[in-house]
Amino acid sequence: MTTISADIIKELRTRTGAGIMDCKRALEDAQGDMDQAVALLRERGIATVAKKASRAANEGLIETYVHAGGRIGVIVELNCETDFVARTDDFKELAHDIALQIAAMNPQAIDDERPLDDLDTSAGEPRLVHQPFVKDSGRTIGSLLTDTAARVGENVLIRRFVRYGLGED
């Protein structure tokens, strides 16, 4: 069995936001391999998030974003289960990042609430949760939601959004 140092546990915790014991177990299971431990934590987080998906998420916040020059504006409602989580800096940052994503990529739907043939695919992926994140193209908006839900231990979802652009219908 590989001895896991406190420093490597702390590094994994910093990278993922997972709990100390979860990081330690993942590193032990991955025999000290950081990338494999991150993958294990992500898998375990997805399983945990799936269990929480049916829970009501009626708290949260409304985030607004107006792009430089005032030509594009976004309002997004991001929900969670408790107002405690809604007030955290991580949750607020997620809401801001999602609003920024909507301004930049102009999605037409959150997920599969409209059939794909009913969406304009000319500008790329029209569904928000499937779009690559504008700040890190290796991740999707859906993975950001999943990672946040795993980190905070609550169901996190985008309820609705609206994007305004001058001269756009």
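In this predicted model, E77 is a buried residue, since its relative accessible area of 13% falls under the 20% limit. The side chain of E77 nevertheless has a charged partner: E77 and R160 meet in a salt bridge, with 2.5 Å from N to O. The two residues come from distant parts of the chain, E77 lying in strand 2 and R160 in strand 5, 83 residues apart. R160 itself is exposed, because its relative accessible area of 56% is over the 50% limit. In general, side chains of opposite charge can pair when their charged atoms come close.

The strands that carry this pair belong to an open sheet of three strands, arranged in the order 1-2-5 with antiparallel pairing. Strand 1 (59-66) and strand 5 (157-165) stand at the edges; each has a single partner strand, so one side of each is left without a neighbour in the sheet. On average, and with direction ignored, neighbouring strands of this sheet are turned by 10° against each other. Between strand 1 and strand 2 (residues 72-80), the antiparallel pairing runs over eight bridges, and L61 is found opposite L78 of strand 2. Helix 5 (residues 89-105) packs on the sheet, where it touches strand 1, strand 2 and strand 5. The direction of helix 5 makes about 140° with that of strand 2.

A separate pairing is found elsewhere in the chain. Strand 3 (residues 132-133) and strand 4 (residues 136-140) run antiparallel and are joined by two bridges. Together, strand 3 and strand 4 make a hairpin, with two residues between them. Within this hairpin, F133 has D136 of strand 4 as its bridge partner.

Returning to the charged side chains, the structure holds seven salt bridges, among them the E77 and R160 pair described above. Another one joins R87 to D83, with the closest N and O atoms 3.1 Å apart. Here R87 counts as exposed at 52% relative accessibility, whereas D83 counts as partly exposed at 41%. A further salt bridge brings together the side chains of R163 and E168, at 2.8 Å from N to O. In this case the arginine is the buried partner: R163 has a relative accessibility of 16%, which is under the 20% limit and therefore counts as buried. E168, with a relative accessible area of 42%, is partly exposed.

Notes. Residues numbered from 1 in each chain as written. Predicted model: local features only at pLDDT ≥ 70, side-chain atom pairs only at ≥ 80, totals over all residues. Heavy atoms only, no water. Pairing = 2+ DSSP bridges. Helix = DSSP H or I, 4+ residues; strand = E, 2+ residues; numbered from the N terminus. Axes fitted to C-alpha atoms, helices over the stretch in contact; angles between N-to-C directions. Contact = heavy atoms within 4.5 Å. Salt bridge = Lys/Arg side-chain N within 4 Å of Asp/Glu carboxyl O. Buried < 20%, exposed > 50% of the residue type's maximum accessible area, 1.4 Å probe, protein only.
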